[in-house]
Amino acid sequence: MTYKKIFLFPILLLSMMFYSCSDSPSSIGNNILSPDFVSVHKIDSSTDSVQQASTYYKTRVRLSDSPRLFLGKYANVEASTLIKFAVVVTDTGLKNAILNSTLNVISSKVNLTRVYNIGDTSSIIYSVHKVNNYWTALYNADSSSLEYDPGDISSNKSSTDSLYSFDLDNQTVLNWLHSAADTSDKSNHGIYLSPDPASNGIVGFDAYNVNAVGLPRLTIVVSVSGNVDTLSYISLPDVSIISGNLPVVPAEDIVVQAGLAVDSWVKFDLSSIKKGSVINKAQLTLYLDSSATKTGDKFTNALIVYFSKDTSAHSYDTTSAIVLNRSANYFTGNIAPFVQSIVSGFHENQGFVLGAGGPNTGVELFALKGSGSETSLRPRLVITYTGRK
């Protein structure tokens with residue numbers, strides 16, 4: 001019995017070695033396994049014959065989700081702002097005084113906390129108008145026309161590095177208080193801040209946000225029968241309206257711009273990669289045209305790349321998102337999951353959409369070298385993959 005065990009052991013060992021060799025082939029077994037032997041391949045769009053195309057176009061982002069409000073005019077962008085203050089009156093004495101017309105507004109001031117600048121913000125001129133129709137935080141440049149009084153109802157405008165403030169017309173504010181006291185009165189539609197065309201910069205303020213510290217605030221000083229009281233209200237809702245044309249950049253460039261917004265599209269021919277290949281890495285590199293790029297003092301220095309779903313409708317898969325980080329004058333990121341999905345047949349190759357890393361936190365413009373640029377500057381995709389020889 002002992003003899004049999006000793007005899008079987010070397011046979012078992014030899015069989016295991018043979019299985020191991022067949023599972024992990026070395027160069028010795030190349031000829032035996034051909035043509036099924038797999039190897040590592042590399043495609044570099046800058047040196048190999050890989051067709052590519054790119055373009056850019058206007059799109060839209062939801063500014064109702066933005067933590068900032070914008071005001072001014074800079075380059076191709078104009079930004080205005082809608083604010084409605086949540087004026088409520090819960091005190092019975094104040095409510096009666098308002099309804100009986102025995103309450104007087106002594107002063108009313110709006111404070112906006114400044115958190116963003118782009119361009120020459122010292123040149124910003126603006127006016128404040130009483131809004132006459134209903135709107136929501138979903139209002140945007142494509143919404144129906146806004147109705148507001150042409151006259152400027154603000155005065156004593158002032159600005160510092162951290163604060164913009166102005167006084168409001170007392171009668172307008174008194175009407176808002178009356179609207180809060182009388183539920184049948186729906187006259188409080190807030191204010192519209194409009195930039196002067198001569199402005200050459202845009203400022204950003206804290207918008208209504210549960211995490212914001214410097215919310216837009218209206219402070220009203222009132223008197224009732226000689227007694228002075230101070231009322232304070234924050235904005236709810238508020239939203240920016242950003243409009244403008246496509247930016248003017250060199251003909252070979254493509255553009256990604258926040259706020260307005262502008263996205264780019266780029267497509268590489270991936271047909272040379274055989275189905276069933278395993279994508280190890282797919283490094284996408286985009287070169288920045290720094291001379292045509294415009295950024296503010298606080299911005300997200302990154303781009304987001306998405307799967308393109310429909311090139312005619314400029315739509316993309318919102319569930320797909322890979323960050324391209326910036327280093328010096330280029331953005332890079334590994335988009336291997338995207339390329340793998342295309343090669344495996346899960347997604348049709350309709351290219352990739354490039355968007356701003358902070359789409360609603362500024363109006364940054366990133367000019368990128370497009371497919372019409374010289375070879376060393378155009379979008380570059382380097383793919384390393386494992387597949388059949």
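This report describes helix α3, the strand pairings of β22, a set of aromatic pairs and the surroundings of H189 in a predicted model.

**Helix α3 and its packing**

Helix α3 spans residues 92-99, and its buried residues are L94, A97 and I98. These residues cover an arc of only 100 degrees around the axis, which puts them on the same side of α3. In general, an α-helix has 3.6 residues a turn, so residues three or four places apart point the same way. The partners against which the buried residues of α3 pack are β5 (103-120), α4, β11 (217-224) and β12 (227-244). At the N-terminal end of α3, D91 acts as a cap, with a side-chain oxygen 3.0 Å from the backbone nitrogen of G93, while just after the helix S101 takes a positive phi of about 60 degrees.

**Strand β22 and its partners**

Strand β22 (residues 380-388) pairs in the antiparallel sense with β1 (residues 38-44) over seven bridges, and K42 stands opposite T384 in β22. Strand β15 (residues 278-287) also pairs with β22 in the antiparallel sense, over seven bridges, and here Q283 stands opposite V382.

**Aromatic pairs**

The model contains 12 aromatic pairs, and two of them are set out in the table.

| Pair | Centre to centre | Angle between planes | Geometry |
|---|---|---|---|
| Y126 and F166 | 6.1 Å | 65 degrees | edge-to-face |
| Y148 and Y192 | 4.8 Å | 45 degrees | tilted |

The pair of Y126 and F166 links distant parts of the chain, since Y126 belongs to strand β6 (residues 126-130) and F166 to strand β8 (residues 163-168), 40 residues apart. Both Y126 and F166 are buried, and together with Y164 and F205 they form one aromatic cluster. In addition, K157 lies over the face of Y126, at 5.4 Å from the ring centre.

As for the tilted pair, Y148 lies in the loop between β6 and β7 (154-159) and Y192 in strand β9, so the pair ties together parts that are 44 residues apart in sequence. Y148 is partly exposed, with a relative accessible area of 35%, whereas Y192 is buried, with a relative accessible area of 11%.

**H189 and its surroundings**

H189 is placed in the loop between α4 (170-181) and β9 (191-195), and it counts as buried because its relative accessibility of 15% falls under the 20% cut-off. The side chain of H189 reaches the backbone oxygen of K186 at 3.1 Å. Beyond its neighbours within four places in sequence, H189 is in contact with K84, V131, N132, N133, Y134 and W135.

Note on methods
Residues are numbered from 1 along each chain as its sequence is written. This is a predicted model: local features need pLDDT of at least 70, side-chain atom pairs count only at pLDDT 80 or more; totals for chains, interfaces and linings use all residues. Side-chain values use heavy atoms; hydrogens and water are left out. Helices (H or I, at least four residues) and strands (E, at least two) are DSSP runs, numbered from the N terminus. Buried means under 20% relative accessible area, exposed over 50%, partly exposed in between (1.4 Å probe, protein chains only). A polar contact is a pair of N or O atoms within 3.5 Å; within protein, one must be able to donate a hydrogen and the other to accept it, and residues adjacent in sequence count only if both atoms are side-chain atoms. Contact means heavy atoms within 4.5 Å. The arc is that of the directions from the helix axis to the C-beta atoms. Two strands pair if DSSP finds at least two bridges between them. Rings of Phe, Tyr and Trp (its six-membered ring) pair if their centres lie within 6.5 Å; planes under 30 degrees apart count as stacked, over 60 as edge-to-face and the rest as tilted. A charge sits over a ring if NZ of Lys or CZ of Arg is within 6 Å of the ring centre and within 35 degrees of the ring normal.
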